[in-house]
Amino acid sequence: MTKWNEGIVVENKQWTTTLHSLRVDAEIEAFEAGQFTRLALDIDGEEISRPFSLVNAPGERPLDFYFIEVPGGVLSAKLANLKAGDTIKIAPKASGLLTLKQLPPAKKLFLLATGTGIGPFLSIIKTSEIWQQFERVTLVHAVRYMEELTYQQTVRNIAENYTHQFSYIPMVSREPCDYAIPGRIPEAIMNNKLELRAGGRMDTDSHVMLCGNPDMVQDTMNVLTKRGLKKHSRRDPGHISIEKYW
Ligand SMILES: Cc1cc2nc3c(=O)[nH]c(=O)nc-3n(C[C@H](O)[C@H](O)[C@H](O)COP(=O)(O)OP(=O)(O)OC[C@H]3O[C@@H](n4cnc5c(N)ncnc54)[C@H](O)[C@@H]3O)c2cc1C
Ligand SMILES: NC(=O)c1ccc[n+]([C@@H]2O[C@H](COP(=O)([O-])OP(=O)(O)OC[C@H]3O[C@@H](n4cnc5c(N)ncnc54)[C@H](OP(=O)(O)O)[C@@H]3O)[C@@H](O)[C@H]2O)c1
């Protein structure tokens with residue numbers, strides 16, 4: 001049985017018809033940037049819970065959860081309707097291995113996300129540790145439409161503070177966009193567009209973190225493995241860490 005704390009919704013920021021950031025005031029235990037916890041609501045007499053990544057850095061409050069209202073989704077549809085002052089259940093203990101502590105030494109860090117999978121990476125780039133651990137950090141946010149390139153102010157703040165260490169690369173797959181790479185992540189690796197903008201190659205001096213759509217994670221792993229990078233685990237160190245959202 002999960003132990004729950006009560007959270008109070010501070011804000012439900014709606015970015016697009018389906019994308020929201022739920023800001024919650026709640027007590028939770030210390031966590032590492034990149035981890036997730038569980039949110040739950042009682043729906044038709046049943047407690048429904050799902051994992052959600054923490055977008056805020058560990059010391060930052062309120063807690064911030066970036067989510068998409070999935071078509072027909074049981075919990076996300078209810079989360080989308082929450083308003084300031086509503087209550088929500090939150091698991092106080094976060095978990096997950098998509099964290100800096102898990103990574104072996106490398107010079108370059110590539111953070112590749114689709115959709116709401118950017119959440120854990122935003123938490124990570126807000127910490128000071130990442131800028132000491134890596135010479136270069138590239139964040140790729142791949143979305144269908146331009147309006148889904150959210151958290152621009154957060155990215156701008158980082159870009160201003162770490163100009164020479166940080167690259168942000170937007171990708172938009174379903175409409176033309178003059179400042180984004182078109183298409184999907186695996187394709188942009190294969191045709192070198194991604195690395196040209198990043199200013200560095202994804203080689204064995206790199207660590208690549210992948211988060212979001214499970215097909216993107218798999219297809220990208222296939223491309224990277226062909227280049228000699230391998231999946232990382234603590235027992236068998238490699239170059240690729242992943243989190244699939246479904
Ligand atoms: C470790 C982990 C962390 C997660 N963190 C986040 C997060 O920060 N933000 C977030 O939006 N989701 C996140 N998810 C997904 C989230 O837990 C739920 O699965 C999602 O909100 C759908 O729940 P639901 O009850 O509305 O849908 P369900 O009724 O449970 O339907 C699930 C179906 O919705 C689709 N789906 C699930 N999640 C997504 C998604 N994010 N994008 C697109 N399609 C999806 C899949 O087809 C899946 O089979 C995470 C999942 C995992 C495993
Ligand atoms: N985003 C919306 O406007 C919207 C609207 C209604 C419902 N939804 C639903 O919401 C859920 C999440 O949507 P989302 O837009 O956040 O996430 P998504 O469907 O995962 O799309 C995000 C990005 O991932 C890309 N992608 C998909 N499969 C890939 C693969 N195998 N390899 C590499 N990249 C891949 C997409 O490219 P492609 O564009 O080429 O697929 C897109 O650029 C889905 O269930 C969707 O049906 C989304």
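From which domains does the shell around ligand 2 draw at least three residues each? The shell takes at least three residues from each of domain 1 (5–90) and domain 2 (100–244). The model is a predicted one, and its protein chain is divided into these two domains. The points below treat the domains, their sheets and the surroundings of the two ligands in turn.

**Domain arrangement**

- The centres of domain 1 and domain 2, taken over C-alpha atoms, are separated by 24 Å.
- Contact between the domains involves 15 residues of domain 1 and 14 residues of domain 2.
- On the side of domain 1 that touches domain 2, strand β5 (residues 63–68) gives the most, with three residues.
- By class, that side of domain 1 comprises nine nonpolar, four polar and two charged residues.

**The antiparallel sheet**

- Six strands form an open sheet in the order β4-β3-β6-β1-β2-β5, and their pairing is antiparallel.
- The edges are occupied by β4 (46–53) and β5, each of which has a single partner strand, so one side of each lacks a neighbour in the sheet.
- Direction ignored, neighbouring strands of this sheet are turned against each other by 40 degrees on average.
- Strand β5 is mostly covered, with five of its six residues buried.
- Six bridges pair β5 with strand β2 (residues 19–25) in the antiparallel sense; across this pairing, Arg23 stands opposite Asp64 in β5.
- Strand β3 (residues 36–43) runs antiparallel to strand β6 (residues 87–90) and is joined to it by two bridges. The bridge partner of Ala40 in β6 is Lys89.

**The parallel sheet**

- A further open sheet of six strands follows the order β10-β9-β8-β7-β11-β12, with parallel pairing.
- Here β10 (181–182) and β12 (240–244) stand at the edges; each has a single partner strand, so one side of each is left without a neighbour in the sheet.
- Strands β8 (residues 136–143) and β9 (residues 166–172) run parallel and are joined by seven bridges. Opposite Val137 stands Phe166 in β9.
- Helix α7 (residues 214–226) lies across β7 (108–114), β11 (206–212) and β12, and it runs at about 165 degrees to β12.

**Surroundings of ligand 1**

- Ligand 1 is surrounded by 20 residues, of which the closest are Arg50, Phe67, Gly73, Leu75 and Ser76.
- Two or more residues of this shell come from each of the elements β4, β5 and α1 (74–80). The edge strands of the antiparallel sheet, β4 and β5, are thus among the contributors to the shell around ligand 1.
- The shell around ligand 1 has 12 nonpolar, six polar and two charged residues.
- Domain 1 (5–90) and domain 2 (100–244) each supply at least three residues to the shell around ligand 1.

**Surroundings of ligand 2**

- Ligand 2 is surrounded by 20 residues, and the closest are Gly115, Ser173, Asn213, Asp215 and Met216.
- The elements giving two or more residues to this shell are β8, α5 (185–190) and α7.
- Helix α7, which lies across β7, β11 and β12, gives the most to the shell around ligand 2, with three residues.
- In terms of class, the shell around ligand 2 holds nine nonpolar, five polar and six charged residues.

Conventions. Residues are numbered from 1 along each chain as its sequence is written. Chains are lettered from A and ligands numbered from 1 in the order in which they are written. This is a predicted model: local features need pLDDT of at least 70, side-chain atom pairs count only at pLDDT 80 or more; totals for chains, interfaces and linings use all residues. Two strands pair if DSSP finds at least two bridges between them. Helices (H or I, at least four residues) and strands (E, at least two) are DSSP runs, numbered from the N terminus. Two residues are in contact if their C-beta atoms, placed from the backbone, lie within 7 Å. Axes are lines fitted to C-alpha atoms, for helices over the stretch in contact, and angles run from 0 to 180 degrees between N-to-C directions. A residue is near a molecule or strand if its C-beta atom, placed from the backbone, lies within 6 Å of it. Ala, Val, Leu, Ile, Met, Phe, Trp, Tyr, Cys and Pro count as nonpolar, Asp, Glu, Lys and Arg as charged, and the others, Gly among them, as polar. Domain bounds come from an automatic or database domain assignment. A residue is buried if 20 or more other C-beta atoms lie within 10 Å of its own, exposed if 12 or fewer, and partly exposed in between; C-beta atoms are placed from the backbone.
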